[in-house]
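Let's take a friendly walk through a few backbone details and one strand pairing. Please have a look at the structure first.

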Amino acid sequence: KVFRFKRGGLSLLSRFQDMNPGRQIVTEGGPIQENVSKNAKNMEDDPVFSVDGDLAFNWAYSNNGARIALFDGNLSPVDTNDDNTHGLGNHFLCDPLTGENSDPQWAHEISNIQNCPYPSCLRVQMQGTDHGSGPHLISGPVYGNYAIY
């Protein structure tokens with residue numbers, strides 16, 4: 001997917017450093033281009049390609065955050081601790097406004113691929129195996145590669 005930023009001229013670094021207050025919708029008009037391989041698998045759960053809408057950056061909620069999510073997906077309310085915003089660069093049990101980690105078992109940039117809000121769901125499937133040792137996180141398939149530039 002290709003998106004157009006609302007404000008041009010900013011680097012991705014400056015956009016991702018803008019964590020406090022975060023929760024910004026940074027594009028408008030949805031994707032302007034989309035190209036998906038006909039052999040792509042797991043499209044129904046993909047945190048980018050299964051969801052429409054604009055990009056949300058630095059989505060902070062409770063003691064969690066997601067670097068990149070899509071507006072039409074699940075964006076958890078600011079005070080909800082449900083580990084359920086689907087996106088890229090999810091981080092649980094942290095201070096999402098500073099990036100400080102609270103516990104090393106959650107210190108990974110992970111991708112939540114399942115609509116399974118904590119604490120009602122105790123087996124949340126993640127993309128791949130890089131998700132730390134949190135007791136309710138389970139490994140899932142790796143969908144492919146994402147290029148962000």
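Helices and strands here are DSSP runs, with at least four residues for a helix (H or I) and at least two for a strand (E), numbered from the N terminus. Please keep in mind that this is a predicted model.

With that numbering, P21 sits in the loop between α1 (12-17) and β1 (24-25). The peptide bond leading from N20 into P21 is cis, and its omega is near 20°. Most peptide bonds are trans, and most residues other than glycine have a negative phi.

Two residues deserve a look for their phi angles. N58 is not a glycine, yet its phi is positive, at about 55°. D83, not a glycine either, has a positive phi of about 50°. N58 belongs to strand β2 (residues 55-61), while D83 is found in the loop between β3 and β4.

That loop also holds H86. The side chain of H86 makes a polar contact with the side chain of N84, at 3.2 Å.

Buried means under 20% relative accessible area, and the table lists three residues that meet this cut-off.

| Residue | Relative accessibility | Class |
|---|---|---|
| N58 | 7% | buried |
| D83 | 5% | buried |
| H86 | 16% | buried |

What about the strands on either side of the loop? Strand β3 (residues 64-70) and β4 run antiparallel and are joined by five bridges. Within this pairing, I68 stands opposite L88 of β4. Why is β4 (residues 87-92) described as largely enclosed by the rest of the structure? Because six of its six residues are buried.

Key. Residues are numbered from 1 along each chain as its sequence is written. This is a predicted model: local features need pLDDT of at least 70, side-chain atom pairs count only at pLDDT 80 or more; totals for chains, interfaces and linings use all residues. Side-chain values use heavy atoms; hydrogens and water are left out. Buried means under 20% relative accessible area, exposed over 50%, partly exposed in between (1.4 Å probe, protein chains only). Two strands pair if DSSP finds at least two bridges between them. A polar contact is a pair of N or O atoms within 3.5 Å; within protein, one must be able to donate a hydrogen and the other to accept it, and residues adjacent in sequence count only if both atoms are side-chain atoms.
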